[in-house]
Every structure is written in structure tokens, then in C-alpha cells.
Amino acid sequence: MFDAHLHIFDPRFPLAENQGYLPDPFTIADYRKRMSRFDVGGGAVVSGSFQGTDQTYLKAALAELGPGWVGVTTLDPDATDEEIIELDRIGVRALRFNLKRAAADITTMTLQALRAHELVGWHVEVYIDGTMLKSLQPVISKLPVISIDHLGMSEEGLRYLLDLVDRGARVKATGFGRVQMNVADTLRRIHAVNPEALMFGTDLPGTRAGRPFEDADVDLICDVVGTDMFAVLEDNARAFYRLPARVREVPTDPAPTLPIHRTEQPTLPLHAVPKLEAADTIPFPAIE
């Protein structure tokens, strides 16, 4: 699987309180331990509100995680083109707009997003409550490529979220413990609009969520999307983050179907009856 949304809080790097809250450490080692039962082949490390525009933790995390892992960051408004290009070189692939927990100048952010997309092809990931989608939809829809975190958070904004999905937006199937909606129904409706839209993520460590990620969340996704589970658990995100597709081996059938050996003589062909012309006289047998 590809974990399209996780956070790393490494105590070696600076953190700042957000709304009076500071998260506990959650290192790469902690993440690997938590996800040890899953075959995680990559993921997206997302900058949280506690990390501001600091890039040092993200550079260290991507270097340690290696190929297949990408970064989603918040940039200083004054970031130069050279800084953006360097971040792209080490694996950063997107900007994050935190419109739920951070004050933001949406106009400045939009201009920055357009610049980053033109320079290196980055998309934008938006953390927003569905109640704000209606008012901000005209602005958000102008962004070249976007994804929405945590299913859009609330039932109230679902109709606007589905409209964005219909226009090409992607949606993180994450944070089930922090949303206010019927998760299964929401997943089903998004998937029906665009099967390429949903991207699984754990949202670990689940800071300030009602509950953190549970293994059963994966089961729920698989139940809803059925045969598209590989797309939602991995393929959609890999394509979105411009990573190579994962090649899966076709499992060998442990009990292949064997040919049925013939136990009797085959059916013999019928001898063809000569075709008669219309004028031919058919002889009758002699009667004694």
C-alpha cells in the first residue's frame, strides 16, 4: 500500500504550539512499528501546523525513508524559485494549505501554488472543513491540481466536494476518526463520481482526532470499493504523486484447473448424404 497522508514529529527539529497544543513525538521508527503488519511501499509525509514552514525535518525524513516517499510542505511566502526546485529534487511534490487550523492569505497562497505548479508541477493539498467549501470553492477550483484532506471533514460540504471531484480533484481517504459524516457512504459516493479520486492514508499519529487510524479502516475501504481496492490503497496516489506504478506479481493458482482426460471413444462423424437435384427421381424399394 501507499500511505498518502502521515505526519512525523521528530524531537530533533523545532515544533510550535498550535492553538495551545503541542503533539507528542512520533518518529519514523514509531511509524514503522505501528504499520509493521502492512506492506507499505511508500507514502507522503505531510507538514503539520506545528511545523510551520520548517523544511529541516522534512528533508531529514525523506532522506531516511528513501525512494517511494514524497513530501507535502508549507512554504514561506517569500520562498524563492531555487528553494522550490531544490525541495522538488529531494522528493517534495505538493504544497499544503491548512485552512482549518491556520490563518491564511488565500490570495498569496494561490499565487504561490500557481508558481510552484509552473516551476515543478506541484499540486495543492487542502485541509478544510466542508462548511467552508461553498464560500471558497470559486478560489479552490482555480488551482491547477488539488486534493482535499480527510474526506472534506463534514457532511455539510459533501455536495461541493463531489462537484470538485467531478472536476478532477482527489480526496484523501484519511482521518475517519475526525470527520462528521457517514464514512462508508461518503467513500462510496466519491468513488462513484471518479474511481481515481480516493487515496488511502493513515493520518498517523492522528493528532487531536477523535480516534487515530485503526486497521479496520483498511477493511472498510476494501468493502466499499471492492475490486478497486488496489487503486485506492496505492495506485491512485502513486499516479497523483508522479511515482512509478507498482508492478504486482500475478499469484500462481495453487490448484490450477486440469484438462479432463477423455474416457470414451469420441463421437464419430456422420457420413454426408449426397445432395439431390430437384429433378432427380427417388427410387422406392420393391414390394414383394
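Colleague: Leaving aside neighbours within four places in sequence, which residues is Trp122 in contact with?
Modeller: This is a predicted model. A contact here needs heavy atoms within 4.5 Å. Leaving aside its neighbours within four places in sequence, Trp122 touches Thr73, Leu75, Ile84, Leu87, Asp88, Val92, Arg93, Ala94, Leu95, Ala116, His117 and Arg242.

Colleague: Which helix gives the most to the largest nonpolar core?
Modeller: That core has 69 residues. Those with the most contacts inside it are Trp122, Leu151, Leu187, Ile190, Leu198 and Ile221. The helix that gives the most to this core spans residues 158-166 and supplies 6 residues: α6.

Colleague: How many residues are in the second, separate core?
Modeller: Its members include Phe2, Val46, Ala94 and Tyr241. Ala94 is also among the contacts of Trp122. The count for this second core is 12 residues.

Colleague: Is Asp10 buried or exposed?
Modeller: Asp10 lies in the loop between β1 (2-6) and α1 (28-34). Its relative accessibility is 12%. The cut-off for buried is under 20%. Asp10 therefore counts as buried.

Colleague: With which side chain does the side chain of Asp10 make a polar contact?
Modeller: A polar contact pairs N or O atoms within 3.5 Å. For the side chain of Asp10, the distance is 2.8 Å. The partner is the side chain of Arg12.

Colleague: Of contacts between residues at least 6 apart in sequence, what percentage join residues at least 24 apart?
Modeller: The protein has 9 helices and 8 strands. Of its 288 residues, 48% count as buried. Among contacts between residues at least 6 apart, the share joining residues at least 24 apart is 72%.

Note on methods: Residues are numbered from 1 along each chain as its sequence is written. This is a predicted model: local features need pLDDT of at least 70, side-chain atom pairs count only at pLDDT 80 or more; totals for chains, interfaces and linings use all residues. Side-chain values use heavy atoms; hydrogens and water are left out. A nonpolar core is a set of buried Ala, Val, Leu, Ile, Met, Phe, Trp, Tyr and Cys residues joined through side-chain atoms within 4.5 Å. Buried means under 20% relative accessible area, exposed over 50%, partly exposed in between (1.4 Å probe, protein chains only). Helices (H or I, at least four residues) and strands (E, at least two) are DSSP runs, numbered from the N terminus. A polar contact is a pair of N or O atoms within 3.5 Å; within protein, one must be able to donate a hydrogen and the other to accept it, and residues adjacent in sequence count only if both atoms are side-chain atoms.
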